[in-house]
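Subject: Handover of a structure

Dear colleague,

Please find below the structure that I am handing over to you, together with its sequence. A summary of the findings follows.

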Amino acid sequence: MLLESFNAQGALMAWDARLTSITPGACEISLPFSAAVSQQHGYFHGGVIGTLADAAGGYAANTLLMPVSECLTAEYKINIVAPGIGDRLIARGKVLKTGKTLVVSSAEVFAVQHGKEKLCAIMQQTLFVIDKK
């Protein structure tokens with residue numbers, strides 16, 4: 001069910017993102033570099049970095065909510081701490097606190113160049129818990 005939900009994410013599918021790890025309360029998503037996710041300097045676009053972090057945190061939450069409930073982002077704060085330079089991004093999300101109506105999660109995003117990971121963003125988010133339709 002989680003993979004089906006992930007595969008229904010239009011932007012992530014268009015960018016060729018992949019769910020690479022799922023454990024209770026955690027999620028990892030990988031995204032290859034392409035012209036579709038770049039900005040004018042040849043780096044990963046900041047909006048793409050934010051989207052990947054948001055998805056990793058949200059699907060980390062969904063590992064604890066599905067199949068009864070799922071989540072929607074209420075807000076997130078992201079710090080881009082280094083340019084997204086590399087051939088791939090990896091976002092690792094984890095749940096920090098779950099409640100009946102809200103979940104707080106975080107994600108770290110790494111740019112991978114020549115096999116070496118470099119932290120490029122840190123995100124914290126709050127998610128609404130909603131009934132699964």
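An unreviewed UniProt entry carries the annotation "domain: Thioesterase" for residues 41–115. The model itself is predicted. In it, the span 41–115 is 27% helix and 47% strand, and its end C-alpha atoms lie 21 Å apart.

I turn next to the strands. β2 (26–32) runs antiparallel to strand β4 (residues 88–98), and 7 bridges join the two. Within this pairing, Glu 28 stands opposite Arg 92 in β4. β4 also runs antiparallel to strand β5 (residues 102–113), here with 10 bridges. Lys 94 has Ser 106 in β5 as its bridge partner. Together β4 and β5 make a hairpin, with 3 residues between them.

The largest pocket holds about 250 Å³ of space. Its lining comprises 15 residues, and those nearest the centre are Gln 9, Asp 54, Ala 55, Tyr 59 and Thr 73. Two or more lining residues come from each of α2 (10–14), α3 (46–65) and β3 (69–80). Of these elements, α3 gives the largest share, 6 residues. Sorted by class, the lining of this pocket has 7 nonpolar, 6 polar and 2 charged residues.

Aromatic contacts deserve a separate paragraph. The structure contains 2 aromatic pairs. In one of them, the ring centres of Phe 6 and Tyr 59 are 5.6 Å apart and the planes stand at 75 degrees, so the pair is edge-to-face. Because Phe 6 belongs to helix α1 (residues 2–7) and Tyr 59 to helix α3, this pair ties together parts that are 53 residues apart in sequence. Phe 6 and Tyr 59 are both buried. Tyr 59 thus appears in two places in this account: in the aromatic pair with Phe 6 and among the residues nearest the centre of the largest pocket.

Phe 33 and Phe 44 form an aromatic pair as well: their ring centres lie 5.0 Å apart with the planes at 85 degrees, so this pair is also edge-to-face. Both residues are in the loop between β2 and α3, 11 residues apart. How does the exposure of these two rings' residues compare, buried or partly exposed? Phe 33 is partly exposed, as its relative accessible area is 31%, whereas Phe 44 is buried, with a relative accessible area of 2%. The cut-off that separates the two is 20%, under which a residue counts as buried.

With kind regards

How values were computed
Residues numbered from 1 in each chain as written. Predicted model: local features only at pLDDT ≥ 70, side-chain atom pairs only at ≥ 80, totals over all residues. Heavy atoms only, no water. 1 Å grid on protein atoms, 1.4 Å probe; cavity = no way out; pocket = protein on both sides within 12 Å on 5 of 7 lines; lining within 4 Å. Points joined across faces, edges and corners; volume = space filled by probe spheres on them. Helix = DSSP H or I, 4+ residues; strand = E, 2+ residues; numbered from the N terminus. Nonpolar A, V, L, I, M, F, W, Y, C, P; charged D, E, K, R; others polar. UniProt positions renumbered as here; feature names shortened; annotations may be inferred. Phe/Tyr/Trp six-rings, centres within 6.5 Å; stacked < 30°, edge-to-face > 60°. Buried < 20%, exposed > 50% of the residue type's maximum accessible area, 1.4 Å probe, protein only. Pairing = 2+ DSSP bridges.
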